[in-house]
Amino acid sequence: MPRTPSSPLLLAGLLATAGVAHALAPKQFDAIVPSALPGTPRQWTYASGAAELALAAGVAHPRTRRVAALATAAFFVGVFPANVKMAVDAGRRSPAVRAATLARLPLQVPLVLWARKVSRGAAS
């Protein structure tokens, strides 16, 4: 399988890397969990990391790729509030950090589109 930007294996790798990062450095992810969610930020950090690992496995496997890629697109939409919280919280930080967090917000769109493209390219 060629490794193009729309490659399912690249998407799976991105998801797996993020999932592992949630387990290895949870504190940075705890900080962006919206306070309106029930439970502790750490529970959400671990749950979202586990979800990313499960999605990575699903996207990597041809038999589950279509459904997993659609679930990945939904996941990317679902974590958008955390990215918004990160941008809002960055208001008290350096201009470079503020710019980076604001620039990250529109990057969610290509991630959603990438996951949808992987889903459409999966065998039925």
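Okay, a definition before anything else: when I say helix, I mean a DSSP run of H or I with at least four residues, and the helices are numbered from the N terminus. With that in hand, Ala18 is found in helix α1. And please keep in mind that what we're looking at is a predicted model.

Let's stay with Ala18 for a moment. Its relative accessibility comes out at 23%, so Ala18 goes down as partly exposed; the cut-off for buried is under 20%. If you go from Ala18 to Arg98, you travel 80 residues along the chain, and the two C-alpha atoms sit 21 Å apart.

Now, the helix that Ala18 belongs to has a packing partner. Helix α1 covers residues 8-24, and it packs with helix α4, residues 65-78. The angle between them is about 50°, and the axes are 12 Å apart. So what do we call that arrangement of α1 and α4? The two are oblique to each other, because oblique is what remains once you take out angles under 35 degrees, over 145, and from 65 to 115. As for handedness, α1 and α4 make a left-handed crossing.

Which residues do the touching here? On the α1 side we have Pro8, Leu11, Leu14 and Leu15, and they meet Arg65, Thr72 and Phe76 from α4. Sort the residues of that contact by type and you get five nonpolar, one polar and one charged.

Okay, on to charges. How many salt bridges does a search of the whole structure find? Three.

One of them pairs Arg42 with Asp30, and the closest N and O atoms there are 2.5 Å apart. Arg42 is in helix α3, residues 41-60, while Asp30 is in helix α2, residues 26-30, so this pair ties together parts that are 12 residues apart in sequence. Is Asp30 buried or exposed? Asp30 has a relative accessible area of 14%, so it's buried. Arg42, on the other hand, is at 32% relative accessibility and therefore partly exposed.

Next, Asp89 and Lys85. Their side chains form a salt bridge at 2.6 Å, N to O. Both are in helix α5, four residues apart, which means about one helical turn between them. Asp89 is partly exposed because its relative accessibility is 23%, and Lys85 is partly exposed too, at 22%.

Asp89 also has a salt bridge with Arg92, where the closest N and O atoms are 3.9 Å apart. If you're wondering about the cut-off, it's within 4 Å. Arg92 is at 69% relative accessibility, so that one counts as exposed. Put these together and you have a salt-bridge network linking Lys85, Asp89 and Arg92.

While we're in α5, which spans residues 80-89, have a look at Asn83, which has its place there as well. Asn83 is at just 3% relative accessibility, so it's buried. What does Asn83 touch, if we don't count residues up to four places away in sequence? Arg104, Leu105 and Gln108.

To recap, then: α1 and α4 cross left-handed, Arg42 and Asp30 bridge α3 and α2, and α5 holds the buried Asn83. Okay, that's me done.

Methods. Residues numbered from 1 in each chain as written. Predicted model: local features only at pLDDT ≥ 70, side-chain atom pairs only at ≥ 80, totals over all residues. Heavy atoms only, no water. Axes fitted to C-alpha atoms, helices over the stretch in contact; angles between N-to-C directions. Left-handed = near helix turned anticlockwise from the far one by under 90°. Contact = heavy atoms within 4.5 Å. Nonpolar A, V, L, I, M, F, W, Y, C, P; charged D, E, K, R; others polar. Buried < 20%, exposed > 50% of the residue type's maximum accessible area, 1.4 Å probe, protein only.
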